[in-house]
Amino acid sequence: MSKQFAVIGLGRFGSSIAKALYDLDHEVMAIDVDEEKIQENLNNVTHAVQADSTDEVALKSLGIRNFDVVVVAIGQDIQASILTTLILKEMGVETIVVKAQNQLHAKVLYKIGASKVVFPERDMGIRVAHLLVTPNILDYIELSDEYSIVEIISSEKMAEKTLLELNIRARFGCSIMALKNNDYINVAPSANDKIHEGDIMVVIGHKNDLRRFEEFVMNGK
Ligand code: ATP
């Protein structure tokens, strides 16, 4: 079902989120105080409106309360980001996702009721670092400070062994959620399913356990 999103702040991060949501067939209202940003993004969203999001009356008149998710992607101006979040919260917006500049900013945002705070530059940095140091890793998603999901290519050492034989959950404490290759995807594989060389394993676990598992995939120990 298509959802209604509003994105406030059309810098690189905000405009990229707005366009991606619009390309996924969701309704997107984009808001920026800068008219030039509105012109740049007109064709990538459902509506683009010039407004200052720290102006409560302006936000109300846009009916922002009725949106399922509002993303606050104001970067440099921390005060505007905090004020905007507070206004949205007081208006009763259910899900508010906010980009933070630093930990203190994030802490304030959570205190005033942000549903999720993101650090796009930091998160992408961590992700790229993981992809660089472990060649077998195709993708890396951080679920929390402690848990992640990785997509990792199986190695020759694991080929034609069943999950039971490899005993991954007991040995490494992580779980294989899916196995896939060009021809098939096996969601929630069972103990007797075999891993073939080159299969992509989607694995969930504690970061330390995943690291040990990655080591095993690469070096067989
Ligand atoms: P990037 O995503 O490019 O890294 P950034 O973190 O540098 O962006 P800014 O450029 O500071 O963020 O802000 C993003 C956008 O938010 C800008 O286009 C700016 O005009 C807009 N913006 C700032 N304050 C407000 C406000 N009060 N109301 C609406 N839009 C605002």
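In this predicted model, a backbone N or O atom of R12 lies 2.6 Å from an oxygen atom of the ligand. For the neighbouring entry in the ligand's surroundings, F13, a backbone N or O atom is found 2.8 Å from a ligand oxygen atom. G75 also takes part, with a polar backbone atom 3.2 Å from an oxygen atom of the ligand. On its own, the ligand has 640 Å² of accessible area, of which the protein covers 84%.

**The ligand and its surroundings**

The ligand occupies the space of the second largest pocket. Around the ligand there are 20 residues, and those that come nearest are R12, F13, D32, D52 and K99. Sorted by class, this shell consists of seven nonpolar residues, six polar residues and seven charged residues.

**Annotated domains**

Two domain annotations come from an unreviewed UniProt entry. The record assigns "domain: RCK N-terminal" to residues 2-119, and it places "domain: RCK C-terminal" at residues 135-219. The table describes each span in the model.

| Span | Distance between end C-alpha atoms | Helix content | Strand content |
|---|---|---|---|
| Residues 2-119 | 26 Å | 41% helix | 23% strand |
| Residues 135-219 | 12 Å | 26% helix | 39% strand |

The contacts described at the outset can be placed within these annotations. R12, F13, D32, D52 and K99, which come nearest to the ligand, carry numbers that fall in the span 2-119, annotated by UniProt as "domain: RCK N-terminal".

Notes. Residues numbered from 1 in each chain as written. Predicted model: local features only at pLDDT ≥ 70, side-chain atom pairs only at ≥ 80, totals over all residues. Heavy atoms only, no water. Near = heavy atom within 4 Å. Polar contact = N/O pair within 3.5 Å; in protein donor to acceptor, adjacent residues only side chain to side chain. Areas by Shrake-Rupley, 256 points an atom, 1.4 Å probe, with all protein chains shown as cover. 1 Å grid on protein atoms, 1.4 Å probe; cavity = no way out; pocket = protein on both sides within 12 Å on 5 of 7 lines; lining within 4 Å. Sits in = over half its atoms within 2 Å of the grid points. Nonpolar A, V, L, I, M, F, W, Y, C, P; charged D, E, K, R; others polar. UniProt positions renumbered as here; feature names shortened; annotations may be inferred. Helix = DSSP H or I, 4+ residues; strand = E, 2+ residues; numbered from the N terminus.
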